Amino acid sequence: MRSPHQANGTWTVEHVAALAAGPAQFAAADDVSIVQRWSSGWHSGDALWGTYRGAANAEPYEVVVDLRPALRDADVPRTRCTCPSRKVPCKHALALLLRWVRGDLVESDLDRLPDGAASWLARSAGSRTTSPPAAAAASEQTTEPGDQPAGDEPGPAVGEPLDAPPDLPPPDDTSGRDERVERMVAGLVELERWLRDRMRSGLADPSLASYATWDHLAARLVDARAGALANRVRRLAGLVGASPQWHGDVLAELGMLHLLARGGRSLPSLPSHLADSLATALGWQVRQADVLDGVPEIDTWDVIGRSDTREDRIEVRRTWLRGRTSARLAMVLSFAAYRQSLDRSLPVGTAVEADLHRYPGAGARAIVGARRSEVPAIRPSGMTLAAACEAAGASLAAEPWAERTVVTVDAAVTRSAGSWVVSDETGSLPCATGQRALGAVLGTTGGARSVMTAEWTPGGLLLLSVHLDDRTLDIGPRADRSFVEAA
Amino acid sequence: MNALIESPEVAPDGGDASSPSADAYWDELITVALLGTDRRRPPVPPAGPVADVVTDLDLVRGDSSDDARLLNHVATMALARRLAARPGPPATPLAPPPPDDRSWCPVAAVASWRTLVDDWPLLEDEWLARAIATGVRPSGDLLMDLLERHRVDVRRRQLVQHLAGSIVGWTSEHLGLAMAPAGPPLNQLVALPAIPLHPDVAIDLAGAAPAQFANAVVDVLAADAFSGADRRLLEHVLARCAPSALSDVERQLSRVADDARGAAAAAVLAELARTRTAMLDSFGTSS
């Protein structure tokens with residue numbers, strides 16, 4: 001398959017996904033991006049244009065994308081489409097961008113541009129150079145950080161696609177920012193009202209068994225630019241009826257939503273690091289460029305675990321690193337839509353000397369910057385389960401809404417009361433691992449103690465890797481290879 | 001039912017979030033949440049840090065309704081339970097499997113297997129035979145992948161069971177995995193199954209000395225004696241030829257010019273030769 005980088009050097013499908021108003025719109029765009037639906041598709045250095053055929057008797061749509069804001073000003077591209085949709089960008093514009101990153105467009109010069117599109121492109125250039133606030137407003141329209149298709153906390157990780165194009169208004173554009181804050185706060189007020197209604201009517205209300213109930217709430221949070229919270233609500237929907245103790249699991253998560261909603265309405269009064277974490281957990285994005293501008297944390301980073309999860313139609317990969325000197329944890333996220341590839345540059349069991357740039361707040365989310373050299377990996381030491389609980393508690397105290405953190409333990413996998421547990425002399429914790437990973441651990445350790453890295457979740461430990469003397473086994477949940485390539 | 005405006009009461013017993021009374025309090029919160037505050041009022045928190053927090057929340061926030069108070073209590077208690085999570089009592093370790101002092105299958109060999117099952121599955125039988133002959137055992141992740149891959153192929157599953165040794169029965173018993181029935185003797189099991197060879201050309205090739213073999217393969221390609229559909233036969237020849245011929249073959253095939261007749265097939269066959277060589281080398285026993 002052709003790499004997106006072959007076509008344009010920088011943009012990837014993830015960038016396009018980040019422009020979509022949500023996974024549903026991105027999926028719709030993906031559907032209409034097939035070549036049979038287009039009678040033409042061109043690209044020049046600065047613009048894309050094409051004609052979408054649509055239904056047999058329908059009027060074709062002229063679609064134009066002005067790339068200059070993205071290529072020169074690190075802004076989002078401007079789009080124009082003759083379709084009746086009021087969404088900006090519409091699915092046809094996203095589809096054209098998808099075709100571009102896949103290398104499906106034919107290179108051309110602007111002479112082939114239809115007249116209307118050419119004049120729009122000229123006006124677009126004029127407005128961009130003469131009116132920065134307008135450009136910021138366009139950015140506000142076209143990219144909704146909260147609506148990003150993926151997200152899996154801990155904390156600031158929520159809803160933030162890796163390498164997403166910048167989508168916050170410039171710092172001096174306070175009007176756009178204020179408008180977004182107002183929308184988000186209104187959404188949080190509505191969320192709290194919804195939660196209180198649920199408390200009044202009770203969790204036994206049959207409507208909670210319907211996914212539509214949760215999806216509707218999630219959609220409203222997306223409208224409020226709190227997409228990360230929306231993703232969390234959708235995950236919560238999956239807990240209903242999922243286990244015998246689902247009432248408790250759902251209630252605890254509703255409590256976390258209450259905490260987030262309340263915290264979100266009090267952001268200005270919170271300490272800055274807590275406010276940063278919370279804002280990102282709600283769906284407020286940070287420009288990747290801003291993260292990379294921060295002071296790097298230089299260390300040798302051991303890659304200790306990996307875990308893939310499906311978020312609606314996006315596969316999310318969490319790669320966990322631990323600093324050899326600092327012992328600090330970091331988490332690198334990558335995202336892949338259907339038929340795209342997840343990041344494989346940080347294999348479990350390797351180590352890299354690199355700059356690490358952390359996102360604001362107390363979360364572990366980070367970006368790996370300059371990589372100096374790969375160094376031999378070392379086997380980490382494992383802690384007791386009691387110490388692991390302490391460590392997880394400390395991590396959660398810094399970021400109370402986090403859904404997971406990571407620990408490395410020296411313990412054995414065994415059974416207790418009919419369930420799989422991880423145990424040592426200090427106690428035992430539930431094992432939330434699937435059969436394949438359990439078999440990998442048992443087949444390697446024979447039930448003996450070993451050093452293992454696991455994600456700590458409210459449901460128990462999810463085993464990610466087994467550290468042997470000469471190798472590390474990567475046993476974390478892996479993306480379905482029929483969905484993403486080269487998982 | 002409307003709540004009365006009041007300070008939360010605090011039960012006299014209880015303390016931290018993991019104490020029995022805290023558990024009972026959480027259970028009671030679940031019950032109230034299930035029924036709804038229209039039917040039942042939130043319970044009184046046991047005295048302790050959680051009660052202090054919810055008291056502050058209710059008072060400072062001015063949350064007077066039962067539903068708002070229930071949410072405050074639930075959020076505080078859920079957070080406290082996560083922060084204060086402690087291990088349960090230690091569990092008895094599993095009875096260990098019979099000892100197996102063989103060394104792990106080399107990392108390179110594991111990587112080789114993962115490559116060839118994707119690209120050159122016709123080499124897998126030789127990989128399994130070589131692994132058994134080398135006397136290594138698979139790590140658990142490789143074992144699970146092998147079992148999953150050969151879940152319906154009895155002969156290969158038997159080979160995997162031979163390779164894994166006693167751990168496979170032990171693991172299967174604990175996880176409820178199906179075991180293949182005992183098969184034929186190992187020497188029969190590891191014998192590479194026959195694969196189709198071209199009756200006129202390939203059999204002669206398979207019997208040739210390495211240098212002759214390499215030249216003959218290139219000659220066959222150059223003469224276009226094989227159609228595209230027949231390329232599979234040459235692949236089979238390369239999969240079964242003497243390992244000592246592989247380097248000659250790969251070198252000769254790599255010399256075929258890009259625009260020469262059969263160049264595409266030569267590139268594919270060279271890749272196969274390289275993969276097989278790497279596979280054999282990965283066990284440290286290439287010959």
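Contact here means heavy atoms within 4.5 Å. The model is predicted, so local features need pLDDT of at least 70 and side-chain atom pairs count only at pLDDT 80 or more, whereas totals for chains, interfaces and linings use all residues. Residues are numbered from 1 along each chain as its sequence is written, chains are lettered from A and ligands numbered from 1 in the order in which they are written, and side-chain values use heavy atoms, with hydrogens and water left out.

Chain A can be entered at A:Ala354, which lies in strand E9 (residues 351-358); strands (E, at least two residues) and helices (H or I, at least four) are DSSP runs numbered from the N terminus. Leaving aside neighbours within four places in sequence, A:Ala354 is in contact with A:Glu297, A:Ile298, A:Asp299, A:Trp301, A:Val368, A:Ala370, A:Arg371 and A:Arg372. A:Ala354 counts as buried because its relative accessibility is 1%, the term buried meaning under 20% relative accessible area, exposed over 50% and partly exposed in between, with a 1.4 Å probe and protein chains only. The C-alpha atoms of A:Ala354 and A:Arg262 are 38 Å apart, with their positions 92 residues apart along the chain.

Strand E9 belongs to an open sheet of 5 strands in chain A, ordered E8-E7-E6-E9-E10 and paired in the antiparallel sense; two strands pair if DSSP finds at least two bridges between them. Strands E8 (329-336) and E10 (366-375) of chain A each have a single partner strand and stand at the edges, so one side of each is left without a neighbour in the sheet. From one strand to the next, the twist averages 35°. Within this sheet, strand E6 (residues 297-311) and strand E7 (residues 314-323) of chain A are joined antiparallel over 10 bridges, and A:Arg306 has A:Thr319 of E7(A) as its bridge partner.

Edge strand E10 of chain A holds A:Ile367. A:Ile367 is buried, with a relative accessible area of 6%. Beyond residues up to four places away in sequence, A:Ile367 touches A:Gln288, A:Val291, A:Leu292, A:Asp355, A:Leu356, A:His357 and A:Tyr359. Although A:Leu292 is 75 residues from A:Ile367 along the chain, their C-alpha atoms are separated by 7.6 Å.

Another open antiparallel sheet of chain A has 6 strands in the order E13-E12-E11-E14-E15-E16. Its edge strands, E13 (427-430) and E16 (472-474) of chain A, each pair on one side only, and the twist averages 50° from one strand to the next. Strand E11 (residues 405-416) and strand E14 (residues 450-457) of chain A pair antiparallel over 7 bridges, with A:Thr405 opposite A:Trp456 in E14(A).

Chain B has 14 helices and 0 strands. Of its 287 residues, 46% count as buried. Among contacts in chain B between residues at least 6 apart in sequence, 74% join residues at least 24 apart. Chain B exposes about 13300 Å², of which carbon and sulfur atoms supply 56%; accessible areas come from the Shrake-Rupley method with a 1.4 Å probe, and for residues only the protein chains shown count as cover.

One helix pair in chain B is H5 (residues 124-134) and H14 (residues 263-282), which pack at an angle of about 15° with their axes 10 Å apart. Axes are lines fitted to C-alpha atoms, for helices over the stretch in contact, and angles run from 0 to 180 degrees between N-to-C directions. H5(B) is therefore roughly parallel to H14(B), a term for angles under 35 degrees, with over 145 roughly antiparallel, 65 to 115 roughly perpendicular and the rest oblique. The contact involves B:Glu126, B:Trp127 and B:Arg130 of H5(B) and B:Arg276, B:Met279 and B:Leu280 of H14(B).
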